Amino acid sequence: LLESKLPIDNITVMVQLEAAERICAEVGSREAGAVTAAVSFYAEKEILFEVSRKSFMPSPNVDSAVIKLNILKEPPIAVNDEKKFFRLVKACFAQRRKTLVNTVSNTLGIEKTKLREALKNLDLPETVRGEQLNLEQLGKLSELI
């Protein structure tokens, strides 16, 4: 829905609580994932309220939350190629336990020396994991590689 760029101002939905927490996490935090970065590229996000599983009949096995996504007029970062940016984002989170250099190299086939050089340009250590980068750093890395 966000990628379709429809002329809407916001989206309000109810999702599983864990999904809401991941979507609304801060990019660069341990709770963040690829979906966090993708949603942050298109919208400001917030959890409005939680909904207990006991509010439903029959009761599901999980709690829920209502989230609101306020669609941004312009992305918070500038990238020349959105598809390339989102491929990088997915690659960064593909193997969370590995370093970004290994994960992105294995997933996208980019030479490790090129990745190390890009990280050096961003003043990031070679041992950084994809989940540790904020949205701006992900955007700059996308441009450098």
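In this predicted model, Lys5 sits in the segment before β1, the strand of residues 10–16. Its phi is positive, about 55°, although Lys5 is not a glycine. Lys5 counts as exposed because its relative accessible area is 53%, and the cut-off for exposed is over 50%. Lys5 also belongs to the lining of the largest pocket, where it is among the residues that lie nearest the centre.

Asp123 shows a similar backbone feature: a positive phi of about 60° in a residue that is not a glycine. Asp123 is placed in the loop between α5 (112–121) and α6. With a relative accessible area of 72%, Asp123 is therefore exposed.

Another backbone feature involves a proline. The peptide bond that leads from Met57 to Pro58 is cis, and its omega is near 0°. Pro58 belongs to the loop that connects β2 (43–51) with β3 (64–71).

These places can be set within the whole chain. The protein chain has six helices and three strands. Starting at the N terminus, the order of elements is β-α-α-β-β-α-α-α-α. The C-alpha trace spans about 55 × 35 × 20 Å along its principal axes. Of the 145 residues in the chain, 37% are buried. Among contacts between residues at least 6 apart in sequence, 61% join residues at least 24 apart.

Cys24 gives an example of contacts across the sequence. Cys24 is located in the loop between α1 (17–23) and α2. Leaving out residues up to four places away in sequence, Cys24 touches Lys45, Glu46, Ile47 and Ile67. The C-alpha atoms of Cys24 and Ile71 are 14 Å apart, with the two positions 47 residues apart along the chain. Ile71 is also one of the residues nearest the centre of the largest pocket.

Next comes helix α2. Its buried residues are Thr36, Ala37, Val39, Ser40, Phe41 and Tyr42. They pack against two strands, β2 and β3, and against the helices α1, α3 and α6.

Two of those partners, α3 and α6, also meet each other. Their axes come within 9 Å and cross at roughly 115°. The crossing in which α3 passes α6 is right-handed. On the α3 side the contact is made by Lys84, Phe85, Leu88, Val89 and Cys92, and on the α6 side by Leu135, Leu138, Gly139, Leu141, Ser142 and Glu143. By residue class, this contact of α3 with α6 divides into seven nonpolar, two polar and two charged residues. An α-helix has 3.6 residues a turn, so residues three or four places apart point the same way. The α3 residues Lys84, Leu88 and Cys92 can be viewed with this in mind, as can Leu135, Leu138 and Ser142 of α6.

Ser142 gives a closer view of this contact. Ser142 is part of helix α6, which covers residues 135–144. Ser142 counts as buried because its relative accessibility is 1%, where the cut-off for buried is under 20%. Beyond its neighbours within four places in sequence, Ser142 is in contact with Lys84, Phe85 and Leu88. These three residues are among those that α3 brings to its contact with α6.

The remaining topic is the pockets. Rolling a probe the size of a water molecule over the atoms shows where empty space is left. The largest pocket has a volume of about 270 Å³. Its lining consists of 14 residues, and Lys5, Tyr42, Ile71, Leu72 and Lys73 lie nearest its centre. The lining holds 10 nonpolar residues, no polar ones and four charged ones.

The second largest pocket has a volume of about 160 Å³. Its lining is formed by Glu3, Ala34, Val35, Ala38, Tyr42, Lys83, Phe86, Arg87, Val89 and Lys90. Two elements, α2 (34–42) and α3 (82–92), give two or more residues each to this lining. The most comes from α3, with five residues. By class, the lining of the second largest pocket has six nonpolar residues, no polar ones and four charged ones.

Some residues recur in these descriptions. Tyr42 is a buried residue of α2, lies among the residues nearest the centre of the largest pocket, and also lines the second largest pocket. Val89 lines the second largest pocket and takes part in the contact of α3 with α6.

Methods. Residues numbered from 1 in each chain as written. Predicted model: local features only at pLDDT ≥ 70, side-chain atom pairs only at ≥ 80, totals over all residues. Heavy atoms only, no water. Helix = DSSP H or I, 4+ residues; strand = E, 2+ residues; numbered from the N terminus. Buried < 20%, exposed > 50% of the residue type's maximum accessible area, 1.4 Å probe, protein only. Contact = heavy atoms within 4.5 Å. 1 Å grid on protein atoms, 1.4 Å probe; cavity = no way out; pocket = protein on both sides within 12 Å on 5 of 7 lines; lining within 4 Å. Points joined across faces, edges and corners; volume = space filled by probe spheres on them. Nonpolar A, V, L, I, M, F, W, Y, C, P; charged D, E, K, R; others polar. Axes fitted to C-alpha atoms, helices over the stretch in contact; angles between N-to-C directions. Left-handed = near helix turned anticlockwise from the far one by under 90°.
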